[in-house]
Amino acid sequence: MLTRLIRFYWQELLNWQTLTLLISILLISALLFLSLSAPEDTESGRPALFEPVSLSIVDLDQSVISYTLIDQFRSLEAVDTLFTESMDEAAARLERGEILLILYIPDQFYEATRQRLSASGLTIYLNESMPSEAAILTRMLNNAAESVVGIQSAIYTYQAGAEPLYDDPAELWQQIEAVAVTLAFRLVGRKSVISTLDSQRLRTVPQVISSLATLLAMLCSLLLLPQIRQEKESGLHVRLTLAGIRPWQSALARQSMLMLLTAALLLPFLLILSNMMALKPWPLTGLILLLAGTATAALMIGLASLSPPGDGTLLAAWLLLIFLLLAGGCIYPESLLPGWLNIAGHLSPAYWSRQLIYNQLTGTASPPMAWLWLGGLLLFYESAAVWGLSQIRPDRA
Amino acid sequence: MNKRVTAQADDRLVVRDVWKAYRREQVLRGVSLQLRPGEILGLCGANGVGKTTLLNLIASIMPADRGEISLFGVPVSQHRPYRSVIGYVPQNIALSPRLSVRRNLLFWAALAGNRTRVQRRQAVQRVVELARIHDVLDKPVSRCSGGMARRANLAAGLVGQPRLILLDEPTAGIDSESRDAILDSLARLREQGCMILMINHYEHELERICDRIVTLSDGRILEADLDAD
């Protein structure tokens, strides 16, 4: 009976409308994925996050701090060419769009920093045609400036205590300066003085890809909504029940169809990813996505079964989907979300799917609990779907 | 094929003192009626008096709060044998709109227990002739006219060769040709010994085909169905 039902739904699904929708989703997601494909770094053979950028530094200070700053910028992977030149030359270069920004270090910057315990005085001129990249570097510089202030403050605080250990106060002063500058600009080079777990750092491309793939897998579940509604409102579901079809069979048949559809949709991207991101083993990623998609589909079945007639269901389904994605860290990174949303996220298939795929892309081992959670959620939502289907009653009259 | 009812000491549909409420609203208040093979019973009444609720209770779609319903002596609570002899034709077109009429009917024939392809084709052929829908067999249901879609809907309810046929306004909003075709089909089914319970707003239609007509009002049958025990 289940086979017959699956065949029936399959025949129902294979129509021009569905195919058109599928092709549209395929094209849109292809564009999205391709826009993420980064150019190959020929030396390492690994994909690069951004095109390297060029900067100009106008150094009127010519001090130890400005030299360190220039050295640190040169060592950044993201910086291709670093020009040190006059303001006029740099401005012309910025005008021609050759550089991302100009970092203007004024005369006496170092002295001012020492006396006022402040790293202010730097001016940044941005290339308006590259706002995103410029914004990232500016934020990095601001963070560095704040770090300089913090480190200097800490060191100067202990200066008095350390003075008796040195015969020559100038030697102490020199050492403090050297430590302060080194520490501060290690931060610019993203080599934090505080030891951090590298695995905890958010990597943008894996985060975006894992979120996007999860979104696509979950989005497909919306296809079930109109079908369940039609089945419910026309009396087809009741007729199926009278013919001996159980709610679990109905749910399973619908979801089998959806899984096939989702798999067909995601397969090309998994193959692209496997080449682009050295994603291995990609079938495991496919399995994660199918589990997340199926769990979401179960939720949609439950929603469509229990909701009253009207157009509000589609809106509710969209809101639910957006909430699941948000709580799952697919819209904003998990670390930016409020605590209660992080806790709620544990009930979202998106949370576990994104995390498992992210770990795969970054080569990090996933905790077995993540799999257990995803499996548990699937079972829980399946039960809700079956219960919802069993509650369908014909309209009263 | 599903296990059919075999013990037929009682060959009737019996509804006795059935009550049903939706939350605080009492919809049916002690309804009793019965139906014999080869008989068509018409059920009429204003909107919201509980006609469809009564039909759904008889179809075993929902349980009654109180009272008894049995078919051929089998109580409604025994879903499998009870449902195996029921043909349910809801008010809306309960077919897949994207599939052709033929594919829909073949599916329902398969669910009715016709295991081989030949059996399924024969079952479909029989109801196609009964409902006179040859012309639209290969059309998607969504492209059929309202009348043809209703006839296909009826055919789907008949494909399992039911002994009791429950129809909820089968002729609502269709042209006279389709209405005649549907009523003719029902008359032929009566001749074959089927029991038919039909809800309809049009009393003249009921008078034309029904052996008995009962009117529901305020959850009660206005004129007592004298045959009921």
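How many residues does the contact take from chain A and from chain B? In this predicted model, chain A gives 25 residues to the contact and chain B gives 38 residues.

## Interface of chain A and chain B

The size of an interface is often given as the accessible area lost when the parts come together. Here the area buried between chain A and chain B is about 2,700 Å², and carbon and sulfur atoms give 59% of that area. Zero salt bridges are counted between chain A and chain B. The rule for polar contacts finds five residue pairs across the interface, both residues being at pLDDT 80 or more.

On the side of chain A that touches chain B, the elements giving two or more residues are helix H1 (2-13), helix H9 (224-234) and H10 of chain A. The largest share of this side comes from H10(A), with six residues. By class, the side of chain A that touches chain B has 11 nonpolar, six polar and eight charged residues.

## Second largest pocket

Rolling a probe the size of a water molecule over the atoms shows where empty space is left. The second largest pocket holds about 970 Å³ of space, and 46 residues line that pocket. Nearest the centre of the pocket lie Thr241(A), Leu242(A), Ala243(A), Gly244(A) and Arg83(B).

Both chains supply elements to the lining. From chain A, helix H10 (236-242), helix H11 (247-276) and helix H16 (368-390) each supply at least two residues. From chain B, strand E4 (66-71), helix H2 (79-83), strand E6 (86-89), helix H3 (101-111) and helix H5 (146-158) each do so as well. H10(A) provides the largest share of the lining of the second largest pocket, five residues; H10(A) also gives the largest share of the side of chain A that touches chain B. The pocket lining has 25 nonpolar, 14 polar and seven charged residues.

## Second largest cavity

The count comes to three cavities of 30 Å³ or more. About 50 Å³ of space lies in the second largest cavity. Its lining is made up of Tyr9(A), Leu13(A), Leu223(A), Leu224(A), Gln227(A), Arg254(A), Met257(A), Leu258(A) and Leu261(A).

H1, H9 and H11 of chain A are the elements that give two or more residues to the lining of this cavity. H11(A) gives the most, with four residues. The classes in the cavity lining are seven nonpolar, one polar and one charged. H1 and H9 of chain A, which give residues to this lining, also give two or more residues to the side of chain A that touches chain B.

Key
Residues are numbered from 1 along each chain as its sequence is written. Chains are lettered from A and ligands numbered from 1 in the order in which they are written. This is a predicted model: local features need pLDDT of at least 70, side-chain atom pairs count only at pLDDT 80 or more; totals for chains, interfaces and linings use all residues. Side-chain values use heavy atoms; hydrogens and water are left out. On a 1 Å grid over the protein atoms alone, a cavity is a set of points where a 1.4 Å probe fits but cannot get out, and a pocket is an open set with protein on both sides within 12 Å along at least five of seven lines; lining residues have an atom within 4 Å of a point. Grid points are joined across faces, edges and corners, and a volume is the space filled by probe spheres set on the points. Ala, Val, Leu, Ile, Met, Phe, Trp, Tyr, Cys and Pro count as nonpolar, Asp, Glu, Lys and Arg as charged, and the others, Gly among them, as polar. Contact means heavy atoms within 4.5 Å. Buried area is the accessible area (1.4 Å probe) that two parts lose on being put together, summed over both. A salt bridge is a side-chain nitrogen of Lys or Arg within 4 Å of a carboxyl oxygen of Asp or Glu. A polar contact is a pair of N or O atoms within 3.5 Å; within protein, one must be able to donate a hydrogen and the other to accept it, and residues adjacent in sequence count only if both atoms are side-chain atoms.
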